[in-house]
Amino acid sequence: MKRFPVGVHSFDQLAHPSYNYAFIDRSWYMIFAVCETTTLILRPRRTGKTMFLQMIAGFLSNPDYSGVKSGIDFTKLKIYERMTELSKREECSLRPDEQMELLELTRVWKMKEQFPVLFVTFCAADSKPCTLEDTLNLVKDAISDAVSPFVRELLSSDKLDELDKEYIQQLASGGNIRWERSLRRLTALMRKHFQQNIVLLVDEYDSLINSLSWEGVCYDANRFAQLFWVATCKDNISLHTCILTGVFRYLGSGLFSGANNMEISDVIVPGQLAPVFGFSEDEVQNLMQQNSMVSHMTISDLREHYNGYLIGDRRLYNPFSIMQCLKNQEISNYWCQTGHVGSLVQRVKSDASLLSDIQKMYSFEDSEFCPTLPCDVRTARVSDMSSESFFWYTLLQSGYVSLLEPYMTDTKVIKLRIPNKEMASAFSEMMNGLATPSMRGSKMSSDFTGGAGIMKIAMSIESV
């Protein structure tokens, strides 16, 4: 009987058979990430982005470079199993798409343990930075941690000169250097030493600034973050592959124009990575079958509470809440409990139109009312978005709302909806937060959390 991996933060632990964890194998999907020059993956928090990067790091990293070898036998995972399955068949029996798949799988498998992998994470921030000092300190800490496994080898390198080694020491100690170019310079020095291009993996790239409070971020912090990522990713010849993950696309669309073959996978157009950061219904049923302790739970109960996220054309379950629910054998609002809606409440309080739209979305069926986004929201500069569009795009990317229908090339507007009961409870909490002290506990307060009529809602809005 398998265990459910609640609180597990290491892919080596998650996938190692000795721990006996139930998990969904995503190794096959590496073929859509590791061969691209730059990939930006945007998904809500707690959907498995860090695990995906850890898996890629363990697969690509040469242990002779970092001194760390993955404990996972990748021949037991789907990437190898599928490659072996296709290889055993006669070539003439393979469909054209299967022939292409086999070529890609073989190509990626040859990359196993062949690269220096630099893993930079910004997820250790206790709070989102708003000032230049906050942002600079976060960059210093993150890069110092990332370079740590390589410091001894780089400082003893016969391919680096004394100025290079002095720079490595400055990186490791948080010294006085131009930190907006630090990650680019580090990749160049690693390439110079290892005599090959680097794989750069960046977790929570958007933590450099407070994306939920755009207007509260000082100009200098915002400018530093933009210069940092442009310097790192744009025309960086030291990189074999760069994969960044985050929740929000705070960078302007033109800033990565020099990054060759950049792929952006978000909840609107996720591409081939659509199924990776969520569970399909078949996968949820498979998880339930691996532990008899959850036999009293039904898929219909889970569907109502956790399903409904439309990622591209895939309808997915919230993976964090599913694992918590199966572990605890109880349906509850697990994902919502790990975040807060305080900053959203403050944003809505200052905009009566948004307040009205949220109430209508909460109270009515999708066919009666749903908020919308312009179809060019994916390519528009965030700084050029209207405050309303930025608000709804933030809710979409952060997981509070989902697409009503798949995005198509001829889509005029992007329609949004509340995906499930768990998110409906989050909106109920938000509307409770919107109520003034005099409204809480009163009939007027129920207008915000129940199905009040339009006139009553309008009257309530006027008093906020």
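Which residues does phenylalanine 119 touch, not counting residues up to four places away in sequence? In this predicted model, phenylalanine 119 is found in strand S2, which spans residues 117-121, and with that sequence neighbourhood set aside it touches Leu53, Gln54, Ala57, Ala146, Leu201 and Asp203. One of these partners, glutamine 54, is 65 residues away along the chain, yet the C-alpha atoms of phenylalanine 119 and glutamine 54 are separated by 8.5 Å. Phenylalanine 119 has a relative accessible area of 23%, so it counts as partly exposed, the buried class being reserved for values under 20%.

From this strand residue one can turn to the helices and to the way their buried residues are arranged. An α-helix has 3.6 residues a turn, so residues three or four places apart point the same way. In helix H4 (residues 78-88) the buried residues are Ile79, Met83 and Leu86; they cover an arc of only 70° around the axis, which puts them on the same side of H4. The cover over these buried residues includes helix H2 (49-60) and helix H5 (96-109).

Helix H11 (residues 281-289) can be read in the same manner, with Glu283, Val284, Leu287 and Met288 as its buried residues. Viewed down the axis of H11, these residues fall within an arc of 140°, and they therefore line one face of the helix. Helix H12 (299-306) and helix H13 (319-328) are among the elements that cover them, whereas the face of H11 turned away from the buried side carries the exposed residues Asp282 and Gln289.

A contact between two helices is seen where helix H6 (residues 132-147) meets helix H10 (residues 219-233), their axes coming within 7 Å and crossing at roughly 30°. On the H6 side the contact involves Leu132, Thr135, Leu136, Val139 and Ile143, which meet Asp220, Ala221, Phe224 and Phe228 in H10. Sorted by class, the contact of H6 with H10 has seven nonpolar, one polar and one charged residues.

Aromatic rings supply a further set of links. A pair of aromatic rings is described by the distance of the centres and the angle of the planes. With centres required to lie within 6.5 Å, the count comes to 18 aromatic pairs. One of them joins phenylalanine 150 and phenylalanine 194 in an edge-to-face arrangement, at 6.1 Å centre to centre and with 75° between the planes. Because phenylalanine 150 lies in the loop between H6 and helix H7 (151-155) and phenylalanine 194 in helix H9 (residues 182-194), the pair ties together parts that are 44 residues apart in sequence. Phenylalanine 150 is buried, with a relative accessible area of 2%, and phenylalanine 194, at 8% relative accessibility, also counts as buried.

Tyrosine 205 and tryptophan 229 form another pair, whose ring centres are 5.9 Å apart and whose planes lie at 70°, so that this pair too is edge-to-face. It links distant parts of the chain, since tyrosine 205 is in the loop between strand S3 (198-203) and H10, while tryptophan 229 is in helix H10, 24 residues apart. Both tyrosine 205 and tryptophan 229 are buried. Elsewhere, ring pairs link Phe11, Phe59, Phe74, Tyr80 and Trp109 into a cluster.

Rings also meet charged groups. Arginine 45 lies over the face of tryptophan 335, at 3.9 Å from the ring centre, and the charged end of arginine 185 sits over the ring of tyrosine 167, 4.3 Å from its centre.

Terms used:
Residues numbered from 1 in each chain as written. Predicted model: local features only at pLDDT ≥ 70, side-chain atom pairs only at ≥ 80, totals over all residues. Heavy atoms only, no water. Buried < 20%, exposed > 50% of the residue type's maximum accessible area, 1.4 Å probe, protein only. Helix = DSSP H or I, 4+ residues; strand = E, 2+ residues; numbered from the N terminus. Arc of directions from axis to C-beta. Contact = heavy atoms within 4.5 Å. Axes fitted to C-alpha atoms, helices over the stretch in contact; angles between N-to-C directions. Nonpolar A, V, L, I, M, F, W, Y, C, P; charged D, E, K, R; others polar. Phe/Tyr/Trp six-rings, centres within 6.5 Å; stacked < 30°, edge-to-face > 60°. Lys NZ or Arg CZ within 6 Å of the ring centre and 35° of its normal.
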